[in-house]
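Q: I've got a model open and would like to talk through it with you. Can we go topic by topic?

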Amino acid sequence: MDDSQHSFSRGEHYLVAAGFIHSQGLALVARRALSKSIAPGQLHLPGGHAEGREQPAAALRREIAEEFGVQVQVGDPLHVFAYDVSGHYTIGIVFAAALIGPRSALHLNPSDHTEILWVDRDALD
């Protein structure tokens, strides 16, 4: 397949950074608001789209601060994924991350999420 046949070259493309945020043996997942266009009501690892030329780790730090009101320390990439929704091709990078500060500092932004859960890492399969 040449580049002209691939959706990445035909449509818009985006970069998503997500965090595998762990604390005390548990991982943070959040339920997306029903108003979200992609995966409404679904559990996901928190994160979001990079803006402009923003580096993925910086995008993850910004998104976590905006959506949950906390800071994270971003570690190494753990996983890469991709999806295409109506010609909008997205590449995602999941980073190891750790909260800076207590879990109790997390807060919900209802326009982004309806629930925050700490789950056993084995439950993520």
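Q: Let's start with F81: is that residue buried, partly exposed or exposed?
A: This is a predicted model, and in it F81 counts as partly exposed, because its relative accessibility is 26%.

Q: And what about Y83, buried or exposed?
A: Neither of those two, since Y83 has a relative accessible area of 26% and is therefore partly exposed.

Q: How many aromatic pairs turn up in the whole structure?
A: A search of the whole structure gives one aromatic pair. The pair is made by F81 and Y83, whose ring centres lie 6.3 Å apart and whose planes meet at 10°, so the two rings count as stacked.

Q: Which charged end sits over the ring of W118?
A: That is the charged end of R103, which is placed 4.5 Å from the centre of the W118 ring.

Q: Switching to strands, why is β2 described as largely enclosed?
A: Strand β2 covers residues 26-32, and because five of its seven residues are buried, the strand is largely enclosed by the rest of the structure.

Q: Which way do β2 and β7 run, parallel or antiparallel, and how many bridges join them?
A: They run antiparallel, with seven bridges joining β2 to β7, the strand of residues 113-120. Within that pairing, R32 stands opposite H113 of β7.

Q: How many bridges does β2 have with β1?
A: Two bridges join β2 to β1, which spans residues 12-23, and these strands also run antiparallel. One contact to look at is S23, whose bridge partner in β2 is L26.

Q: What does phi look like at Q24 in that hairpin?
A: The hairpin of β1 and β2 has two residues between its strands, and Q24 takes a positive phi there, near 55°.

Q: And how do β2 and β3 pair?
A: They pair in the antiparallel sense over two bridges, β3 being the strand of residues 43-44. For R31, the bridge partner in β3 is L43.

Q: Where does A39 lie, and what is its phi?
A: A39 lies in the loop between β2 and β3, and its phi is positive, near 55°, in a residue other than glycine. Most residues other than glycine have a negative phi. As for its surroundings, A39 counts as partly exposed, because its relative accessibility is 33%.

Q: What about S86, buried or exposed?
A: S86 is exposed, with a relative accessible area of 71%. Its place is in the loop between β5 and β6, the latter being residues 88-100, and although S86 is not a glycine, its phi is positive at about 55°.

Q: On to pockets: how much space lies in the largest one?
A: About 580 Å³ of space lies in the largest pocket. Its lining is made of 22 residues, and those closest to the pocket centre are V16, R32, H44, G47 and Y83.

Q: Which element gives the largest share of that lining?
A: The largest share comes from β4, which supplies three residues. At least two lining residues each come from β1, β3, β4 (47-49), α2 (56-68) and β5 (71-85).

Q: How does the lining of the largest pocket split by class?
A: The lining has 10 nonpolar, seven polar and five charged residues. Two residues from earlier come back here, since R32, which stands opposite H113 in β7, and Y83, which stacks with F81, are both among the residues closest to the centre of the largest pocket.

Key: Residues are numbered from 1 along each chain as its sequence is written. This is a predicted model: local features need pLDDT of at least 70, side-chain atom pairs count only at pLDDT 80 or more; totals for chains, interfaces and linings use all residues. Side-chain values use heavy atoms; hydrogens and water are left out. Buried means under 20% relative accessible area, exposed over 50%, partly exposed in between (1.4 Å probe, protein chains only). Helices (H or I, at least four residues) and strands (E, at least two) are DSSP runs, numbered from the N terminus. Two strands pair if DSSP finds at least two bridges between them. Rings of Phe, Tyr and Trp (its six-membered ring) pair if their centres lie within 6.5 Å; planes under 30 degrees apart count as stacked, over 60 as edge-to-face and the rest as tilted. A charge sits over a ring if NZ of Lys or CZ of Arg is within 6 Å of the ring centre and within 35 degrees of the ring normal. On a 1 Å grid over the protein atoms alone, a cavity is a set of points where a 1.4 Å probe fits but cannot get out, and a pocket is an open set with protein on both sides within 12 Å along at least five of seven lines; lining residues have an atom within 4 Å of a point. Grid points are joined across faces, edges and corners, and a volume is the space filled by probe spheres set on the points. Ala, Val, Leu, Ile, Met, Phe, Trp, Tyr, Cys and Pro count as nonpolar, Asp, Glu, Lys and Arg as charged, and the others, Gly among them, as polar.
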